[in-house]
Amino acid sequence: MRVLRLFDTHSLKFRAALFCAAFGWLLSAVLIGVYYLESRGALEAMRRAQVAALVERTATDFDDRLRQRQRLVSDGAAQLTVGAEQLTRDAASLVTRFSHFKGPFSAAILYDRHGTIIADYPSQPGRVGVSVAERDYFRQTRDTLRPQVSDPFLAKTGRRLLVVTAPILGPDGEFSGMLAGTLELFSQEMFGELAGIRIGEHGYIVLLSKQGGRFIYHPAPTLIDRPFQLAGELPSLARALAEGVASVGREGLPDGGEGIVAYRPLQAAGWVLGGALPAGEADAPLLALTRTLLGLGLVWLLLVPPLAWWLMRRLLRPLDAIETQLERAQAGEDHVPLAEDGVRELAHLARAYNRALAAREASEADAAEREAFFKALNEASPLGVLVCSRSGVPRYVNQMANTLLGAADGRWLHNAHGDDCARILRALADAGESAGVTQLRARFRTPGGERLLEASIVALDSACCLVVLLDITRQDAEFQALQGERERQAAILESIADAVVLTNHRDEVEYLNAPAQRMLGVRGAGALGRRLGAVVGLLEPGSGLPVGARVLEAEGRKTLELDLEAATGSRRAVTLTLSSVCAQGAMQGYRVYVLHDDTERRAREASHRYQALHDPLTGLFNRRGLETALHQALQADGVRAALAVLDLDGFKAVNDRGGHAAGDLMLQQVARVLAQRVREGDTVARLGGDEFALLLPGCPPDAAQQLLERVGVEIARLRVAAADGLALGLSASTGVTSLSGDDDAATALARADAACYRAKRAGRDRVELAV
Ligand SMILES: Nc1nc2c(ncn2[C@@H]2O[C@H](COP(=O)(O)OP(=O)(O)OP(=O)(O)O)[C@@H](O)[C@H]2O)c(=O)[nH]1
């Protein structure tokens with residue numbers, strides 16, 4: 001079980017330890033990898049340097065030895081400045097000069113110019129007379145006249161020999177022959193040491209011929225002089241041969257296998273000295289290192305998890321303390337603050353827990369205090385407060401709730417009316433689904449009588465509801481009474497013919513009766529809540545300017561005549577009676593508008609006014625109309641006007657011959673002529689019979705006279721038909737006067753009338769100015 005707990009993948013310790021272990025593994029893998037690669041590089045470099053150094057050292061040594069011998073032979077040849085014949089003749093004695101060759105060489109040999117051995121020292125039977133004309137070293141010596149070192153060759157004695165040559169020149173510098181020193185290739189003085197040189201344990205030195213096609217020396221004697229194919233993947237050897245430079249690398253060995261090789265050409269002979277360290281030996285330290293690293297890695301692999309686990313346990317130990325504390329706190333034991341030590345994050349956690357603990361204790365104390373306060377409040381509350389389950393089982397009932405419900409035994413729903421009880425139970429069950437408060441009214445039969453209670457229900461949690469009960473029995477009775485009163489008032493208002501509109505303190509329509517709806521051209525619901533000014537226009541008659549209720553109140557006018565423009569755009573004349581509701585509280589600022597439709601009355605009055613001032617036959621003003629206009633003109637400051645009285649001539653004859661209808665027609669035609677000739681603002685009146693008058697404000701007498709003369713001409717052209725078919729005409733006599741400031745209507749008219757009379761007497765059909 002304990003082991004299983006170790007591998008709890010949800011545990012923080014397990015995860016942290018796993019993370020640490022994984023990190024440790026990864027880090028160590030990276031370090032080991034880097035170390036391995038570094039070491040491999042260093043070992044390789046070291047191995048290459050080792051092989052290259054040994055090859056270089058050996059090659060330098062052999063180069064020195066060969067050069068030393070080349071110098072010896074060259075110096076000897078240089079001392080023999082003899083012609084070919086002399087050389088052949090004195091060869092036996094000349095060769096003895098080179099007795100000092102013994103040591104560095106095994107023998108000194110003289111050749112004639114054709115490559116035939118002519119003398120040797122020490123003498124060896126069978127050597128003199130042998131021809132080397134076809135050998136490379138002879139041809140090259142002869143052709144280049146420079147010292148040469150031959151490739152090793154197998155002598156008849158079975159020994160492997162080497163020849164170092166130099167040309168013998170005659171007095172004229174011609175080729176006379178050749179001096180050579182022979183030496184055994186594997187003598188101690190030359191390459192005999194090669195067999196003893198080792199690179200590491202299995203590494204060895206080889207010597208390759210110039211073309212690299214065969215081994216001059218190889219530790220395996222069977223390979224010596226055996227030609228081999230230079231494989232393409234030996235770049236270091238190829239480079240050493242082709243470019244004559246030293247090179248080192250890891251590649252195939254000339255004798256097969258693979259390893260680290262180094263090649264260095266011998267300058268004196270043009271051969272190539274090579275060193276080879278087989279890969280097996282070269283890589284042995286690397287293999288050992290790899291094994292060591294793998295071993296260490298394995299140990300680290302096994303060691304890291306327990307280490308990480310141990311470390312995490314140590315680091316997270318304060319977490320166990322926190323867990324224990326929290327369990328104790330949950331079990332209701334005393335709250336003990338956590339120690340705020342350990343790693344910083346856990347110390348922060350402990351500090352945060354301690355703060356939360358302190359805050360919780362403070363809020364618990366606060367809650368307890370508040371609970372006591374609310375309990376006291378509930379007991380003293382005029383509201384019934386009840387906490388019950390969703391099925392209505394009470395858990396807390398205050399004093400007032402018991403009183404209101406009339407049941408102290410907890411069966412508070414027992415007294416509720418059947419329907420109401422079911423509604424309350426449904427509301428309790430549904431409470432909380434919509435976050436708000438559910439309000440309903442329920443009737444209860446209590447010992448004190450029937451009660452109507454308003455219950456506000458709100459869910460406290462998934463199991464409990466709070467019910468607040470308010471006794472509204474009396475308010476309901478009052479409301480019912482008020483409702484009845486309202487209905488009565490509404491019936492009265494609906495039965496009267498006038499429009500009644502009630503507006504509130506913001507001038508918004510609160511009520512309007514059916515006549516008002518008709519008059520305003522709106523339906524009740526459409527106008528309610530809108531400002532009266534937006535629903536209907538109350539306009540001053542004549543000017544058409546809007547009139548507001550506040551203006552009317554400010555002017556102290558309660559009843560006045562207005563024009564009403566309805567929402568439909570139609571206008572009508574109304575009499576408005578405005579009264580403010582004299583009440584404090586909710587109705588303050590309310591106004592009642594009573595609108596009486598005055599259209600007919602005002603039309604009738606207008607007709608009367610018109611008839612009183614106008615002549616019905618011609619539509620012109622009558623005498624009273626003229627007198628009114630005359631009176632107004634005389635009252636104006638700086639009066640300046642002309643007044644004309646015009647009387648028709650011979651009208652009686654028109655009447656008599658044409659009949660009364662023809663007379664009326666003539667009168668109407670004359671009226672039209674007069675009305676057409678005057679300006680706007682002038683007044684034309686028929687004073688009676690065939691007598692007319694014109695009041696021309698602002699018109700000087702001369703201009704009036706001229707105007708009326710033109711009018712006279714037009715009147716003279718008028719014709720009406722008589723009964724006998726004849727056309728009847730007439731003329732007009734006119735008297736004109738100017739109004740003066742001293743005039744009144746009568747004197748002015750009399751003066752104009754007198755002028756008219758004078759025109760008549762003067763022969764009619766003319767205009768006379770008053771004097
Ligand atoms: N058709 C018609 N005749 C009317 C009306 N009022 C008055 N009369 C007649 O008009 C006539 C006026 O008489 P006079 O003033 O003598 O007529 P007159 O022929 O023009 O005479 P002088 O003015 O002297 O030129 C009378 O015969 C009236 O009966 C009316 O409203 N219609």
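Does F153 count as one of the buried or one of the exposed residues, at 18% relative accessibility? The model considered here is a predicted one, and in it F153 counts as buried, because its relative accessibility of 18% falls under the 20% that serves as the limit for that word.

F153 has an aromatic partner, and following that partner is a good way into the structure. A pair of aromatic rings is described by the distance of the centres and the angle of the planes. By the rule used for such rings, the count comes to 7 aromatic pairs. One of them joins Y137 and F153, whose ring centres lie 6.2 Å apart and whose planes meet at 15°, so this pair is stacked, given that planes under 30 degrees apart count as stacked. The pair links distant parts of the chain, since Y137 belongs to helix α5 (residues 136–144) while F153 belongs to strand β4 (residues 153–154), and the two residues are 16 residues apart. Y137, like its partner, counts as buried, because its relative accessibility is 6%. F153 also has a charged neighbour: R135 lies over the face of its ring, at 5.0 Å from the ring centre.

Another of the pairs is formed by F101 and F105, with ring centres 5.2 Å apart and planes at 40°, so this pair is tilted. Both of these residues are buried, and together with F98 they form one aromatic cluster.

The ligand can be taken next. There are 16 residues around the ligand, and those that come nearest are K652, N655, D664, R686 and R764. By class, this shell has 8 charged residues, 5 polar ones and 3 nonpolar ones. Several distances to oxygen atoms of the ligand can be given in detail: a polar backbone atom of G650 is 3.2 Å from a ligand oxygen, a backbone N or O atom of K652 lies 3.1 Å from one, and an N or O atom in the side chain of K760 is 3.1 Å from one. Taken alone, the ligand exposes 650 Å², and the protein buries 65% of that area.

Which elements give two or more residues to the shell around the ligand? They are strand β23 (641–649) and helix α20 (651–677), and the largest share of the shell, 7 residues, comes from α20.

Key:
Residues are numbered from 1 along each chain as its sequence is written. This is a predicted model: local features need pLDDT of at least 70, side-chain atom pairs count only at pLDDT 80 or more; totals for chains, interfaces and linings use all residues. Side-chain values use heavy atoms; hydrogens and water are left out. A residue is near a molecule or strand if one of its heavy atoms lies within 4 Å of it. A polar contact is a pair of N or O atoms within 3.5 Å; within protein, one must be able to donate a hydrogen and the other to accept it, and residues adjacent in sequence count only if both atoms are side-chain atoms. Accessible areas come from the Shrake-Rupley method with a 1.4 Å probe; for residues, only the protein chains shown count as cover. Helices (H or I, at least four residues) and strands (E, at least two) are DSSP runs, numbered from the N terminus. Ala, Val, Leu, Ile, Met, Phe, Trp, Tyr, Cys and Pro count as nonpolar, Asp, Glu, Lys and Arg as charged, and the others, Gly among them, as polar. Rings of Phe, Tyr and Trp (its six-membered ring) pair if their centres lie within 6.5 Å; planes under 30 degrees apart count as stacked, over 60 as edge-to-face and the rest as tilted. Buried means under 20% relative accessible area, exposed over 50%, partly exposed in between (1.4 Å probe, protein chains only). A charge sits over a ring if NZ of Lys or CZ of Arg is within 6 Å of the ring centre and within 35 degrees of the ring normal.
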